[in-house]
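Colleague: Please take one part of this model and go through it closely, from the pairing of its strands to what packs around them. I would like the cut-off for each term once, where it is used.

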Amino acid sequence: PQPNGGAFNSRGWNKTDGGFKATKAFLRDTLASFFEISPKLIFEKAPLPKELYDISVNGPRDKISELKEQFCQAFKTAFGLDLQVQSQEVDVYLMTVAFTNAPGLVPYSHLGGGGGRPGGFMLAGVTMNTVGQYLESSLDKPVVNETGLTNYWGVDLKWKMSAAEIADAQPDPVNVIQAAREQLGLQLTPAKRKLTVLE
């Protein structure tokens, strides 16, 4: 466990040497990054510890299946929890293009950043997969990117905040879906998909 304060929850694969590193990170986010799935596809049959942790995995990424197996073994030793990776049909939102030339979605020339804000988010130079990740955190369901859009995008999205959201609850999905269509030209359609999940 690491103390709170300062930068935290950093995690990801090193594209050069293939190793994985998490620094002062939540276990749920670390698992999602390591197994490269949405955090919404992690189903806790037993609660994960809530502290922040440093975790490193050393090994070439072309041996990913062996690394994942060793990771599961080490995780069980450290936390007394089993990790099972399997395919399962789950409820999702399919993200497709409703129309082009939307005011809040513009092409961007290079990779950038940005972040969330009350009732929306503003991003500069991100992929559509990243847009989907921001939307799914607001919709509380996985978002599957089927837009076919590549390259980088600038995104400016603001939805109508409900009284519950102002009181620190999840946004109203209806408001998020409507705003995404009107401002980004993106359609979010409820569906079921068989995806890799982690239990």
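Modeller: In β8, Val143 is the bridge partner of Tyr93. Asn145, also in β8, is the bridge partner of Met95. The model is predicted, so local features need pLDDT of at least 70 and side-chain atom pairs pLDDT 80 or more, while totals for chains, interfaces and linings use all residues. Residues are numbered from 1 along each chain as its sequence is written, and side-chain values use heavy atoms, without hydrogens or water.

Strand β4 (residues 85-97) runs parallel to β8, and three bridges join them. Helices (H or I, at least four residues) and strands (E, at least two) are DSSP runs, numbered from the N terminus; two strands pair if DSSP finds at least two bridges between them. β4 also pairs with β10, this time antiparallel and over 13 bridges. There, Gln88 stands opposite Leu195 in β10. The result is an open sheet of three strands with mixed pairing, in the order β8-β4-β10. β8 and β10 are its edge strands, each pairing on one side only. On average, neighbouring strands of this sheet are turned by 40 degrees against each other, direction ignored.

Helix α3 packs on this sheet, where it touches β4, β8 and β10, and its direction makes about 165 degrees with that of β8. Helix α5 packs on the sheet as well, touching β4 and β10, with about 115 degrees between its direction and that of β10. For these angles, axes are lines fitted to C-alpha atoms (for helices, over the stretch in contact), and values run from 0 to 180 degrees between N-to-C directions. Contact means heavy atoms within 4.5 Å.

Now α5 itself. It covers residues 173-184, 12 residues in all, and reaches 15 Å from its first C-alpha to its last, close to the 16 Å expected at 1.5 Å a residue. That expected span is 1.5 Å times one less than the number of residues. Asn175, Val176, Ala179, Ala180 and Leu184 are the buried residues of α5. They lie on the same side of α5 because they cover an arc of only 130 degrees around the axis, taken from the directions of the C-beta atoms as seen from the helix axis. An α-helix has 3.6 residues a turn, so residues three or four places apart point the same way. Buried here means under 20% relative accessible area, exposed over 50%, and partly exposed in between (1.4 Å probe, protein chains only). The cover over the buried residues of α5 includes β5 (105-108), α3 (128-139), β9 (152-158) and β10 (186-198).

At the start of α5, the backbone nitrogen of Val174 has a side-chain oxygen of Asp172 within 3.0 Å. Just after the helix, Gly185 takes a positive phi of about 70 degrees. Most residues other than glycine have a negative phi. Asp168, in the loop between α4 (163-166) and α5, has a positive phi of about 75 degrees although it is not a glycine. Its relative accessibility is 73%, so Asp168 counts as exposed. Asp140, which is not a glycine either, has a positive phi of about 60 degrees. This residue sits in the loop between α3 and β8 (143-145). Asp140 is partly exposed because its relative accessible area is 44%.

The two helices also meet a second open sheet. Four strands make up that sheet, with antiparallel pairing, in the order β5-β9-β7-β6. β5 and β6 stand at the edges with a single partner strand each, so one side of each has no neighbour in the sheet. From one strand to the next, the twist averages 15 degrees. β6 and strand β7 (residues 120-126) run antiparallel and are joined by five bridges; Phe121 in β7 is the bridge partner of Gly116. α3 packs on this sheet too, touching β5, β6, β7 and β9, and its direction makes about 165 degrees with that of β7. α5 lies across β5 and β9, at about 130 degrees to β9.

One loop belongs with this sheet. Ser109 has its place between β5 and β6 (113-117), and counts as exposed because its relative accessibility is 67%. The C-alpha atoms of Ser109 and Val126 are separated by 9.8 Å, although the two are 17 residues apart along the chain.

Methods:
A polar contact is a pair of N or O atoms within 3.5 Å; within protein, one must be able to donate a hydrogen and the other to accept it, and residues adjacent in sequence count only if both atoms are side-chain atoms.
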